[in-house]
Amino acid sequence: MTKHGLPRTCPHCGSSELRFARKGEFPLHYIVLRKFLACKTCGNVFQPSSALTSALLLILLGGPASVGIAATLFSRPSPLKVAIYGPALLFSVAMFYEGCRVLMYWRGRRRQERETR
Ligand SMILES: [Zn+2]
């Protein structure tokens with residue numbers, strides 16, 4: 001265990017000198033991805049598995065929420081409903097979308113790691 005509660009080591013070089021990745025160092029700019037870590041030794045930027053857990057949560061919450069809100073909104077649309085449920089729908093769809101993006105990115109990285117090994 002290191003300070004800041006980062007229990008991990010760099011998957012590339014094994015160093016435990018880690019910091020949080022800064023904006024621009026990781027390929028996606030989403031809320032979950034502030035959990036990206038960077039290695040102080042070799043500069044490798046990687047995604048700890050906690051980010052994957054967040055992604056799955058976003059999908060599990062955002063997916064059903066989107067469907068439910070959309071069903072409510074479009075059953076009998078009114079300006080008031082659009083004002084209330086519109087932003088909520090956008091938010092839940094964004095959650096779902098972000099979760100999928102993180103998951104796809106993570107899968108791509110896994111494949112890359114297998115191929116270079
Ligand atoms: Zn490293």
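**Cys100.** Start by selecting Cys100, which sits in helix α2 (residues 79-116). This is a predicted model, so colour by confidence when you can. Is Cys100 buried, partly exposed or exposed? Cys100 has 15 other C-beta atoms within 10 Å, so Cys100 is partly exposed; buried would take 20 or more. Now add Ile59 to the selection. Its C-alpha atom lies 6.8 Å from that of Cys100, although the two are 41 residues apart along the chain.

**Helix α1.** Next, select residues 49-75, which form helix α1. How far apart are the end C-alpha atoms of α1? They are 39 Å apart. That agrees with expectation, because 27 residues at 1.5 Å a residue should also span 39 Å. Now show the buried positions of α1: Ala51, Ala55, Leu58, Gly62, Ser66 and Ile69. Keep the helical repeat in mind while you look at them. An α-helix has 3.6 residues a turn, so residues three or four places apart point the same way.

**The core.** Keep Ala51, Ala55 and Leu58 selected, and add Met95, Phe96 and Val102. Together these 6 residues are the largest nonpolar core. Which helices supply this core? Both α1 and α2 do, with at least two residues each. As background, nonpolar side chains tend to be buried together in soluble globular proteins.

**The sheet.** Move to the strands. Select β1 (18-20), then β2 (residues 37-39), then β3 (residues 45-46). They form an open sheet in the order β1-β2-β3, with antiparallel pairing. Which strands stand at the edges? β1 and β3 do; each has a single partner strand, so one side of each is left without a neighbour in the sheet. Zoom in on β2 and β3, which pair in the antiparallel sense over 2 bridges. To see a bridge pair, pick Ala38 and its partner in β3, Val45.

**Around the strands.** Select Gly43, in the loop between β2 and β3. Gly43 is exposed, because just 11 other C-beta atoms lie within 10 Å and the limit for exposed is 12 or fewer. From Gly43, draw a C-alpha to C-alpha distance to Cys13: it reads 9.7 Å, for a separation of 30 residues in sequence. Then go to Ser16, in the segment before β1. Ser16 has 14 C-beta neighbours inside 10 Å, so Ser16 counts as partly exposed. Draw a second distance, from Ser16 to Thr41. These two are 25 residues apart in sequence and 8.7 Å apart in space, C-alpha to C-alpha.

**The whole chain.** Zoom out. The protein chain has 2 helices and 3 strands, and read along the sequence they follow the pattern β-β-β-α-α. Of the 117 residues, 18% are buried. Take the contacts between residues at least 6 apart in sequence: 53% of them join residues at least 24 apart.

**Confidence.** Finish with pLDDT. The chain mean is 81, and 84% of residues reach 70 or more. Where is confidence lowest and where is it highest among the elements? Strand β3 is lowest, at a mean of 82, and α1 is highest, at 88. Last stop: select residues 1-6. Here the pLDDT is below 50. Beyond near neighbours in sequence, this stretch has 5 contacts in the model.

How values were computed:
Residues are numbered from 1 along each chain as its sequence is written. This is a predicted model: local features need pLDDT of at least 70, side-chain atom pairs count only at pLDDT 80 or more; totals for chains, interfaces and linings use all residues. Helices (H or I, at least four residues) and strands (E, at least two) are DSSP runs, numbered from the N terminus. The expected span of a helix is 1.5 Å times one less than its number of residues. Two residues are in contact if their C-beta atoms, placed from the backbone, lie within 7 Å. A nonpolar core is a set of buried Ala, Val, Leu, Ile, Met, Phe, Trp, Tyr and Cys residues joined through C-beta atoms within 7 Å. pLDDT is the predictor's confidence in each residue, from 0 to 100. Two strands pair if DSSP finds at least two bridges between them.
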